[in-house]
Amino acid sequence: MELILREDVPGLGIIGDVVKVKPGYARNYLLPRGLAVPADRRNLKQLEHHKRVIAAKKARERGTHEDAARRLAAVSLAIEARAGKGGKLFGSVTNIDVQRLLSEQGFDVDRRRIELREPIKEIGEFRVSIRVGQDVTAKVGLAVTPLGGALEEVSTEAIEEAPPAEEPRPRRRRGSAEEREREGADKTETKSDT
């Protein structure tokens with residue numbers, strides 16, 4: 001089914017694109033939410049007019065996104081985390097932690113828009129990318145410091161190499177179903193003999 005997108009749909013296209021999708025996706029998701037309209041003759045003719053409107057809307061949105069990116073770029077975040085010798089963290093700092101820090105400063109950012117290649121696992125200064133809008137990203141400074149300002153005495157390597165406190169007991173192995181049936185038959189025979 002061919003549709004004309006009225007909004008940007010991640011993974012599908014941007015405003016004004018004519019896309020081909022499966023009928024169920026169109027019927028159950030795109031059309032009811034007003035994200036697209038059918039690509040019939042009438043709508044294709046209107047598309048030319050809408051392209052001008054869409055271009056103006058994109059320009060407005062881009063201006064808002066760039067403004068938000070400027071405000072975000074001025075922010076510097078700091079988080080304290082438990083760290084051992086060598087500055088390695090006992091846990092990690094993820095995009096959820098960054099989202100929480102941003103919300104504390106009054107920014108409402110979806111965690112999926114915070115781009116970390118991998119979780120941060122050491123002390124230091126980092127630049128975190130945030131996708132504000134289409135083709136607009138902001139870089140936010142993030143300082144990861146040790147909890148209480150000092151590194152802990154126990155290193156992360158010592159924790160990883162520590163032997164288990166107690167060895168698990170071996171599990172009793174049950175016999176196969178046939179062995180259990182034979183045992184049950186032997187018990188019934190001894191009862192009937194007495």
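**Exercise 1. Work out the strand order of the four-stranded open sheet and say which strands stand at its edges.**

Step 1. Get the ground rules straight. This is a predicted model, in which local features need pLDDT of at least 70 and side-chain atom pairs count only at pLDDT 80 or more, while totals for chains, interfaces and linings use all residues. Residues are numbered from 1 along each chain as its sequence is written, and side-chain values use heavy atoms, with hydrogens and water left out.

Step 2. Know what you're looking for. Helices (H or I, at least four residues) and strands (E, at least two) are DSSP runs numbered from the N terminus, and two strands pair if DSSP finds at least two bridges between them. In general, strands of a sheet pair through backbone hydrogen bonds, either parallel or antiparallel.

Step 3. Read off the order: S4-S9-S8-S6, an open sheet with mixed pairing. Strand S4 (76-81) and strand S6 (114-115) are the edges; each has a single partner strand, so one side of each has no neighbour in the sheet.

Step 4. Now look at S8 and S9. Strand S8 (residues 124-133) and strand S9 (residues 136-146) pair in the antiparallel sense over nine bridges. One pair to find is Gly 124 with its bridge partner in S9, Val 144.

Step 5. Add the helices. Helix H2 (residues 41-73) packs on this sheet and touches S8 and S9, with its direction at about 20° to that of S9. Helix H3 (residues 95-104) also packs on the sheet, touching S4, S6, S8 and S9, and its direction makes about 125° with that of S4. Those angles run from 0 to 180 degrees between N-to-C directions, using axes fitted to C-alpha atoms, for helices over the stretch in contact.

**Exercise 2. Describe the surroundings of Glu 125 and of Asp 97.**

Step 1. Place Glu 125: strand S8. Its relative accessible area is 68%, so Glu 125 is exposed. (Buried means under 20% relative accessible area, exposed over 50%, partly exposed in between, with a 1.4 Å probe and protein chains only.)

Step 2. Find its company. Contact means heavy atoms within 4.5 Å. Leaving aside neighbours within four places in sequence, Glu 125 is in contact with Leu 142 and Ala 143. Glu 125 and Leu 142 are 17 residues apart along the chain, yet their C-alpha atoms are separated by 5.8 Å.

Step 3. Move to Asp 97, in helix H3. Asp 97 is buried, at 18% relative accessible area. Again leaving aside neighbours within four places in sequence, Asp 97 is in contact with Ile 79 and Ser 92. A polar atom of the Asp 97 side chain also lies 3.0 Å from the backbone nitrogen of Thr 94.

**Exercise 3. Which strands make up the three-stranded sheet, and how do they pair?**

Step 1. The order is S2-S1-S3, an open sheet with antiparallel pairing. Strand S2 (18-20) and strand S3 (36-38) stand at the edges with a single partner strand each, so one side of each lacks a neighbour in the sheet. On average, neighbouring strands here are turned by 40° against each other, direction ignored.

Step 2. Zoom in on one pairing. Strand S1 (residues 2-5) and S2 run antiparallel, joined by three bridges; Leu 3 stands opposite Val 19 in S2.

Step 3. Bring H2 back in. H2 lies across S1, S2 and S3, at about 25° to S1. Asn 43, which lies in helix H2, counts as buried at 11% relative accessibility. Not counting residues up to four places away in sequence, Asn 43 touches Ile 4, Val 37 and Pro 38.

**Exercise 4. How many aromatic pairs does a search of the whole structure find?**

Step 1. Set the test. Rings of Phe, Tyr and Trp (its six-membered ring) pair if their centres lie within 6.5 Å; planes under 30 degrees apart count as stacked, over 60 as edge-to-face and the rest as tilted.

Step 2. Run it: the search finds one aromatic pair. The rings of Tyr 25 and Tyr 29 have centres 5.6 Å apart and planes at 10°, so they are stacked.

Step 3. Check the setting. Tyr 25 and Tyr 29 are four residues apart in helix H1 (residues 23-30), which separates them by about one helical turn. Tyr 25 is partly exposed at 34% relative accessibility, and Tyr 29 is partly exposed at 33%.

Note on methods: Polar contact = N/O pair within 3.5 Å; in protein donor to acceptor, adjacent residues only side chain to side chain.
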